[in-house]
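This report walks through a single chain, beginning with its charged pairs and moving on to helix packing, backbone geometry and surface.

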Amino acid sequence: MYLIRIKKLQTIETLKKREYHIGMLDSKKIKARFGRNLRELRLQKNLTQEQLADEIKMQPQSIGQIEIGRAFISSEKLADLCNFFKLDPSIFFNNHINSLSEKDINYISEIKRLLPLLSSNKLKEIYEIVLVVKNND
């Protein structure tokens, strides 16, 4: 059992007893969340809508419509965005995006590279540690 001290000490059992509720989502909320996250990522890279559109071969107006939640993109364009930002597709659907530095992105990539090399027991231990750290942040 891992115990980590950040703000207050909690055990894995305490965290597992918590209930997490996700509000009901609909298409409109998904498009709005995706658009907000796309805008945040674009601004983190100091790009205009036109510059991002050029990078992924889209019309600038389409980027604007996506960012305000009026339009959505194809899986092909989602793949282009993921490759451009070097991010997993799930990031675009998170409630909020933490500002990720290049160093953070490199850490994430290296962790993803190493995880498949670990045993199931080690993966479970890492998962439990991450839960504790996340819930104490």
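## Salt bridges

The structure holds five salt bridges, and the model in which they are found is a predicted one. Three of the pairs are described here, beginning with the pair formed by E67 and R42, whose closest N and O atoms are 2.6 Å apart. Because E67 belongs to helix α4 and R42 to helix α2, this pair ties together parts that are 25 residues apart in sequence. Both partners, E67 and R42, are buried.

A second salt bridge joins the side chains of K77 and D80, with an N to O distance of 3.4 Å. K77 and D80 are both in helix α5, where they are three residues apart, about one turn of the helix. D80 counts as partly exposed, at 30% relative accessibility. In a third pair, D88 forms a salt bridge with K112, and the closest N and O atoms are 3.8 Å apart. D88 lies in the loop between α5 and α6 whereas K112 lies in helix α6, so this pair ties together parts that are 24 residues apart in sequence. D88 is partly exposed, with a relative accessible area of 32%, and K112 is also partly exposed, with a relative accessible area of 45%.

## The surroundings of R42

R42 lies in helix α2, which spans residues 27-44. Its relative accessible area is 7%, and R42 is therefore buried, the cut-off for that term being under 20%. Leaving aside residues up to four places away in sequence, R42 touches L47, T48, Q49, L52, E67 and F85. Among these contacts is E67, the residue with which R42 forms its salt bridge.

Some of these neighbours of R42 also take part in the packing of helices. Q49, L52 and E67 are among the residues through which α3 and α4 meet, while L52 and F85 are among those that make the contact between α3 and α5.

## Packing around helix α3

Two packed helices are described by the angle between their axes and the distance between the axes. Helix α3 (residues 49-56) packs with helix α5 (residues 75-85) at an angle of about 105°, and the two axes are 10 Å apart. With that angle, α3 is roughly perpendicular to α5, a description that applies to angles of 65 to 115 degrees. On the α3 side the contact is made by L52, E55 and I56, and on the α5 side by K77, D80, L81, F84 and F85. K77 and D80, which appear in this contact, are the partners of the salt bridge within α5.

Helix α3 also packs with helix α4 (residues 60-67), their axes coming within 8 Å and crossing at roughly 110°. That angle makes α3 roughly perpendicular to α4. Here Q49, E50, L52, A53 and I56 of α3 meet P60, I63, G64 and E67 of α4. L52 and I56 are thus listed in the contact with α4 and in the contact with α5.

## Positive phi in two loops

Most residues other than glycine have a negative phi, and most peptide bonds are trans. N46 has a phi near 55°, a positive value in a residue other than glycine. N46 is found in the loop between α2 and α3, and is exposed, with a relative accessible area of 67%.

K86 also has a positive phi, of about 55°, although it is not a glycine. K86 lies in the loop between α5 and α6, the latter helix covering residues 102-114. At 57% relative accessibility, K86 counts as exposed, the term being used for values over 50%.

## Surface and a long-range approach

L25, I30, F72 and F93 make a nonpolar surface patch of about 310 Å². Of these residues, I30 is placed in helix α2, and I30 is partly exposed, with a relative accessible area of 32%.

H96 is found in the loop between α5 and α6, the loop that also holds K86 and D88. At 54% relative accessibility, H96 counts as exposed. The C-alpha atoms of H96 and R36 are separated by 8.4 Å, although the two residues are 60 residues apart along the chain.

Note on methods
Residues are numbered from 1 along each chain as its sequence is written. This is a predicted model: local features need pLDDT of at least 70, side-chain atom pairs count only at pLDDT 80 or more; totals for chains, interfaces and linings use all residues. Side-chain values use heavy atoms; hydrogens and water are left out. Helices (H or I, at least four residues) and strands (E, at least two) are DSSP runs, numbered from the N terminus. Buried means under 20% relative accessible area, exposed over 50%, partly exposed in between (1.4 Å probe, protein chains only). Contact means heavy atoms within 4.5 Å. Patches are made of residues with over 30% relative accessible area and no salt bridge: like charges are joined within 9 Å, nonpolar side chains (Val, Leu, Ile, Met, Phe, Trp, Tyr) within 5 Å. Accessible areas come from the Shrake-Rupley method with a 1.4 Å probe; for residues, only the protein chains shown count as cover. A salt bridge is a side-chain nitrogen of Lys or Arg within 4 Å of a carboxyl oxygen of Asp or Glu. Axes are lines fitted to C-alpha atoms, for helices over the stretch in contact, and angles run from 0 to 180 degrees between N-to-C directions. Angles under 35 degrees count as roughly parallel, over 145 as roughly antiparallel, 65 to 115 as roughly perpendicular and the rest as oblique.
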